[in-house]
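Here is a briefing on the empty spaces, one helix packing and the disulfide bonding of a protein. Look over the sequence and the model before reading on.

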Amino acid sequence: MKKTLIALSVGALAISQVQAATDITFWHAMGGELGEKVDQIVADFNASQNDVVVHASYRGNYSETMTGAIAAFRSGEQPDIVQVYEVGTATMMAAEGAVYPAYQLMNQYSDGFDQSAYLSTVTGYYADANGNMLSMPFNSSTPVLYYNKDAFAAAGLPDRGPKTWEEMGEFGQAILDAGYDCGFTTAWQSWIQLENLSARHNVPFATNDDGFTGLDTQVVFNDDLQIAHIEQLAKWNENGLFSYSGRTSEGAARFYSGECPMITASSASYAGVRANASFNFGVSELPYWASKIDTPQNTIIGGATLWTLRGHDESHYPAVARFFEYLSQPEVQADWHQFSGYLPITYAAVELTKEQGFYANNPGTDVAINQMTAVEPTANSRGLRLGNFPQIRDIIDEELESVWNGDATAKQALDRAARRSNQQLRRFERANR
């Protein structure tokens, strides 16, 4: 009888432990191989302990995922965690009652949380005016330059990417002279050719410290540097030295095929380049104008972070913090970084990746991290905090396309883009005062 009681007690305890597990929901925008990797990370976390079960689900692209989460919050069916791209940061910050700031969550529920362990160039983008981390970094990237080594050899170029935009013109011309129809193309033109151009040269993209310190922000990306840069791209576009491919990552296929031997694209494109390019390739830092600066600033990030949404039972938040702790572990972050090409979010993950020999065995994979950490970020290179930023990016894309089509000069297009973007900022200001 005593054994039976003990067995029943043990069984009841086991059932209690199972019932005590807290279920939390995680909506993300990672499809394809990245989505499968996220599923694996979540499965590994679930298997690592018995207290929390994370249910991850793919909800479409970044825009669809964020829009879906906002709609779900209004109907009281929001996930515990939602992945939001960087341009949605201001929108999430404006929803003060809807989000649980990461620094508050982790300070309350995590014993070992230390914000200084995370890369400042990553957390700075997602911090409030006092530097407090509002969302949990997960998949951050930054633009780099990929080049086709075989094409460079055919063109008589050195085995390195152009360091400056002046060299970009020289290298591109050599590639055209070697018989190629395209010198280089770009992905994400607003992010790389305007937002990061501004940060790299330490000039503002917008007032109020690039939008960090006030809702009355105005964009100023129609200044001398940006106009001169777009003017030069327009000239190169006329003879094929630069060739526009589309608003997001359409140019990657032209690089894979060998048509365009250089592309400025996300560091997170590394896995795709490695899988699809049939030639030797290299990675180098995003060029800068040597005629404008001596030392380039850090580039700013893209990608997304994980936001915690309020409105759930209080028992959910320690569970969310525990999942974030797991994601921040050096082993988990190093594995995600090495698989995806996204930046590691902690300094420990960087060191572990070095110790594992990944950078030595995969030349170029450390370019992004070096580019991000070589200098201290400034108010102009910390990141951008603009309301209605997705709409502003659409406006910039549309106006830049008028330059590539020959319908507008760089100044005309950027002036129009600035005026229309400021209208979007005023709408956001009125809605969030």
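**Pockets, cavities and contacts**

Nonpolar residues number 14 in the lining of the second largest pocket, beside six polar and four charged ones. The model is predicted. Pockets come before cavities below, then a helix pair and a disulfide.

**Second largest pocket**

- The volume of the second largest pocket is about 490 Å³.
- Its lining consists of 24 residues. Nearest the centre of this pocket lie Ala90, Met93, Ala94, Glu96 and Arg385.
- Two or more lining residues come from each of helix H4 (89-94) and helix H20 (410-431).

**Largest pocket**

- The largest pocket has a volume of about 1000 Å³.
- Its lining is made of 38 residues. Closest to the centre are Tyr62, Trp188, Thr248, Ser249 and Tyr342.
- By class, 17 lining residues of the largest pocket are nonpolar, 14 are polar and seven are charged.

**Cavities**

- Rolling a probe the size of a water molecule over the atoms reveals where space is left empty.
- The count is three cavities of 30 Å³ or more.
- The largest cavity has a volume of about 120 Å³. Its lining has 16 residues, with Ser267, Tyr270, Gly341, Gly364 and Thr365 nearest the centre.
- Strand S6 (143-148), helix H13 (270-276), helix H15 (330-340) and helix H18 (367-373) each give two or more residues to that lining. H15 gives the most, four residues.
- The lining of the largest cavity divides into eight nonpolar residues, seven polar and one charged.
- The second largest cavity fills about 60 Å³. Tyr146, Ala187, Ser249, Ala252, Phe255, Tyr256, Ile263, Ala265, Ser269 and Val273 form its lining.
- H12 and S8 are the elements that supply two or more residues to the second largest cavity. The largest share, three residues, is from H12.
- No charged residue lines the second largest cavity; eight of the lining residues are nonpolar and two are polar.
- Ser249 appears twice: among the residues closest to the centre of the largest pocket, and in the lining of the second largest cavity.

**Helix packing**

- Helix H9 (residues 189-200) packs on helix H19 (residues 389-404) at an angle of about 90°. Their axes are 10 Å apart.
- The two helices, H9 and H19, are therefore roughly perpendicular to each other.
- From H9, the contact uses Gln189, Ser190, Trp191, Leu194 and Glu195. From H19 come Phe389, Arg393, Ile396, Asp397, Leu400, Glu401 and Trp404.
- Six residues of the contact of H9 with H19 are nonpolar, two are polar and four are charged.

**Disulfide**

- A disulfide is a covalent bond between the sulfur atoms of two cysteines.
- The whole structure holds one disulfide. The partners are cysteine 182 and cysteine 260, with an S to S distance of 2.1 Å.
- The link of cysteine 182 and cysteine 260 is right-handed, with 110° about the S-S bond.
- Which parts does the pair tie together? Cysteine 182 sits in the loop between helix H8 (165-177) and strand S7 (184-186). Cysteine 260 sits in the loop between helix H12 (251-256) and strand S8 (262-266), so the pair ties together parts that are 78 residues apart in sequence.
- H12 and S8, which flank the loop of cysteine 260, are also the elements that give two or more residues to the lining of the second largest cavity.

Technical notes
Residues are numbered from 1 along each chain as its sequence is written. This is a predicted model: local features need pLDDT of at least 70, side-chain atom pairs count only at pLDDT 80 or more; totals for chains, interfaces and linings use all residues. Side-chain values use heavy atoms; hydrogens and water are left out. On a 1 Å grid over the protein atoms alone, a cavity is a set of points where a 1.4 Å probe fits but cannot get out, and a pocket is an open set with protein on both sides within 12 Å along at least five of seven lines; lining residues have an atom within 4 Å of a point. Grid points are joined across faces, edges and corners, and a volume is the space filled by probe spheres set on the points. Ala, Val, Leu, Ile, Met, Phe, Trp, Tyr, Cys and Pro count as nonpolar, Asp, Glu, Lys and Arg as charged, and the others, Gly among them, as polar. Axes are lines fitted to C-alpha atoms, for helices over the stretch in contact, and angles run from 0 to 180 degrees between N-to-C directions. Angles under 35 degrees count as roughly parallel, over 145 as roughly antiparallel, 65 to 115 as roughly perpendicular and the rest as oblique. Contact means heavy atoms within 4.5 Å. A disulfide is a pair of cysteine sulfur atoms within 2.5 Å.
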